[in-house]
Amino acid sequence: MSKAHALLRAGFPYVTTLGMRRVTSYPMDLALGDEDQLFVVCRTEAGANIRRINWDDEDLGTITPPLLWPVCIVRGPDGNLTVSDEGAHTITTVTLEGELVRSWGEHGSAPGQLDRPSGLAFDPDGNLLVSDTANHRIQRFTPEGRHLGGWGSQGSEAGQLDMPWGLTIDEEGDIYVADWRNDRVQKFSPAGEPLMVLGRTGAGDGEFSRPAGVAVDAHGDVYVADRGNNRVQLFSPEGRYVQKFLGEATLSKIGRRYILANQKTLRLREMANLEPQRLLRTPASVRLDGEGHMYVPDLGSHRVQIYKKEAYVLEPNEIMPPLGAPTLLTT
């Protein structure tokens, strides 16, 4: 995909559901591996782990690095997995096989210290940006943990932050931050200068209740996991609301196998109102791949819902200039 002058948005259909409670319990986030593998960071009743699954919904095993309350997982330029831990105030890196590479972080509020780190993203230079949530700032580190700087202070003015959570970096190096307690998303330059604000508190289109994750695709579209409103919202590169995703889940393959082997669960499902079972419940993150797929860790339902974007890039000579009062009813 390429950043577009304009798009013909043909649809964004649901594709499939992966995982279930006994495998992807309380999925906070996921990272994409090779050969259709997913690494899902989970907070289970027994403790935190990283579950490996694939598009065939096979359970490929568990990685158990030293984690307390993990939030975010990203795959770095070296191919390893890096996880933020808000409980231990640390950043931990492991190989895809689960071997510990490094763990660093000191609890505090001084430059370079962390207090409940959450969102992670690698910048174009291979350095790591961290949402330092309880310090209301974004910090930049080398992958080994050497502090390189940062910005942010607590408040609600443009450029200020109140418990920033998920973050991402677009192809131009600009940074998008889910400003959790301000119920908005902010866009910053690579140097931390405020460029754009999306959203406000509410449940309407383009409004947020505790946004937890943010992602940007190659077209420049912005995706926000609107956790408190149980949905994902999609915005154009200019910040215009486009559509929302409320959930279309079907039973995953691994879920079907479990239920078919359990007569009581079969009966309960046969008697249930299935409409609510489709819906997202407190989605904690949103992730994208290079093929147009959107992955939503559906925290409250212990699964991952997947959709695929259908859109076509339009050149300036293929579409009229922007209209003052657009409506599809006139076409």
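How many bridges pair strand β8 with β9, and in which sense? There are 5, and the pairing of β8 (residues 81-85) with β9 is antiparallel. Strands here are DSSP runs of E, at least two residues long, numbered from the N terminus, and two of them pair if DSSP finds at least two bridges between them. Keep in mind that this is a predicted model, where local features need pLDDT of at least 70, side-chain atom pairs count only at pLDDT 80 or more, and totals for chains, interfaces and linings use all residues. Residues are numbered from 1 along each chain as its sequence is written, and side-chain values use heavy atoms, leaving out hydrogens and water.

**The sheet**
- β8 and β9 belong to an open sheet of 4 strands, in the order β7-β8-β9-β10, with antiparallel pairing.
- β7 (70-75) and β10 sit at the edges with a single partner strand each, so one side of each has no neighbour in the sheet.
- On average, neighbouring strands of this sheet are turned by 15° against each other, direction ignored (axes are lines fitted to C-alpha atoms, with angles from 0 to 180 degrees between N-to-C directions).
- β7 and β8 are joined by 4 bridges and run antiparallel, with isoleucine 73 opposite valine 83 in β8.

**Strand β9**
- 5 of the 5 residues of β9 (residues 90-94) are buried (under 20% relative accessible area with a 1.4 Å probe, protein chains only), so the strand is largely enclosed by the rest of the structure.
- Both faces are covered: Thr90, Thr92 and Val94 are buried on one side, Ile91 and Thr93 on the other.
- Looking towards β8, serine 84 stands opposite isoleucine 91.
- Towards β10 (residues 100-104), β9 makes 4 bridges, again antiparallel, and threonine 92 stands opposite serine 103.

**The turns**
- The β8-β9 hairpin has 4 residues between its strands, and histidine 89 in that turn has a positive phi of about 60°.
- The β9-β10 hairpin has 5 residues in between, with glycine 98 in the turn at a positive phi of about 100°.

**Cavities**
- The count is 2 cavities of 30 Å³ or more, a cavity being a set of points on a 1 Å grid over the protein atoms alone where a 1.4 Å probe fits but cannot get out.
- The largest cavity holds about 110 Å³ of space, the volume being the space filled by probe spheres set on the points.
- Its lining has 17 residues, with Asp29, Gly166, Ala212, Ser285 and Arg287 nearest the centre; lining residues have an atom within 4 Å of a point.
- β7 is one of the elements giving two or more residues to that lining.

Note on methods. Buried < 20%, exposed > 50% of the residue type's maximum accessible area, 1.4 Å probe, protein only. 1 Å grid on protein atoms, 1.4 Å probe; cavity = no way out; pocket = protein on both sides within 12 Å on 5 of 7 lines; lining within 4 Å.
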